[in-house]
Amino acid sequence: MTNKKQHIRLEDIPKRNIYEVPEGYFDSLPMRVMDRVAAPESAAAAWYTSFWRPLRLAMAPLALLLAFAVVYVLNMQSDSEKHIANLAAVGDKEIVDYLSTYAVLESSDLAEVHSISGQVLPADFLNVSASSAEEELEYARLDTTGL
Amino acid sequence: MEDKELLEKFANPDSRNLAFNQLVRKYQQKVYWHIRKMVIGHDDADDLTQEVFVKVWKNLENFRQDAQLYTWIYRIATNECLSFLSSKKRKFFLPLNDVAAELAEKIDSTPGIDGDEVQLKLQKALLRLPEKQRLVFNMKYYDELKYEEISEILGTSVGALKASYHLAVKKIEEFLKQD
């Protein structure tokens, strides 16, 4: 028994395409290609959407933060207005008493007093006796001349 | 419609889409079958065909008319095939033989393939060839392109193409002899 090898020549094989495509494939392909090449305009819209979507999500915490900041600033303003109003309610006499008890006079304060010494000031504004004021002025003069 | 007329219409923004649609209709089958014989599966061939025409759309304005339009499109399709096959090898760390085995397996398992035993064997024999030799064989044997046209597509000399085709036929016949 001989084992003969069958010699098949390429030209003996009928030339045919054995592959198949789904029905209507070549009818729909141009449309699908056109959809893809026309996409760049819609790609811009897609970019806008992809940019806007996370921004929209970030809007909620941003709005909360903004609201907090506005409330904080308004609160600060009303606090300082409250302090001014409180201070306005304190009488002159209490302020002068407070200052004479706790405040430390500095040479600059006395210099200011000196600068207005020529002016006629109402006695109740200074609320000091003429002799005390003279003593203070004399002291300021000695202090500024370094004697 | 002649290629020259298609290109003129494509250059005009008002008729660009229409001209391109006609271009796709004219060349879609050649491009698809050229790719399908290389990648075997329909889905891959479909993706690559669309990709080829997207590239044609993007580059058609720069197309120099000293080359023929269809050889230029064939070249794009060929490059897409080769990139696809090498990315497949890179992705799965496969040597050439394993890609061929995978494609041969596809021939047996894909429903859209209909051929007798000899035809299937021929296709499997083709998969044994190096990719560029398979391209040369497909373009000469199935697409019946002239060597000069294949030379323009692949950028290889006519002499080298003739030698490559001759060698491919010998290898195929040798494979067909085996049981």
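I began with chain A, where A:Lys93 and A:Asp97 form a salt bridge whose closest N and O atoms are 3.3 Å apart. I note early that this is a predicted model.

I then looked up where the two residues sit: both belong to helix H3 (residues 92-102) of chain A, and because they are 4 residues apart there, about one helical turn separates them. A:Lys93 counts as exposed, with 59% relative accessibility, whereas A:Asp97 at 35% counts as partly exposed.

Next I turned to helix H1 (residues 3-11) of chain B, which holds B:Glu8 and B:Lys4, 4 residues apart or about one turn. These residues also form a salt bridge, with 3.5 Å between the closest N and O atoms. I found B:Glu8 partly exposed at 48% relative accessible area, and B:Lys4 exposed at 55%.

Over all chains I counted 11 salt bridges, and 3 of them are found across the interface of chain A and chain B. On the chain A side that touches chain B, I listed 15 nonpolar, 3 polar and 7 charged residues. One salt bridge I looked up joins the side chains of A:Arg32 and B:Asp46, at 3.3 Å from N to O.

For the interface as a whole, I noted that 25 residues of chain A are in contact with 41 residues of chain B, and that the buried area is about 3400 Å², with 62% coming from carbon and sulfur atoms.

Last, I looked up the largest nonpolar core, which has 73 residues, and saw that B:Phe20, B:Leu23 and B:Phe137 have the most contacts inside it. Among the residues that B:Phe137 touches are A:Leu10, B:Leu126 and B:Tyr165.

Key
Residues are numbered from 1 along each chain as its sequence is written. Chains are lettered from A and ligands numbered from 1 in the order in which they are written. This is a predicted model: local features need pLDDT of at least 70, side-chain atom pairs count only at pLDDT 80 or more; totals for chains, interfaces and linings use all residues. Side-chain values use heavy atoms; hydrogens and water are left out. A nonpolar core is a set of buried Ala, Val, Leu, Ile, Met, Phe, Trp, Tyr and Cys residues joined through side-chain atoms within 4.5 Å. Buried means under 20% relative accessible area, exposed over 50%, partly exposed in between (1.4 Å probe, protein chains only). Contact means heavy atoms within 4.5 Å. Buried area is the accessible area (1.4 Å probe) that two parts lose on being put together, summed over both. A salt bridge is a side-chain nitrogen of Lys or Arg within 4 Å of a carboxyl oxygen of Asp or Glu. Ala, Val, Leu, Ile, Met, Phe, Trp, Tyr, Cys and Pro count as nonpolar, Asp, Glu, Lys and Arg as charged, and the others, Gly among them, as polar. Lists of a residue's contacts leave out its neighbours within four places in sequence.
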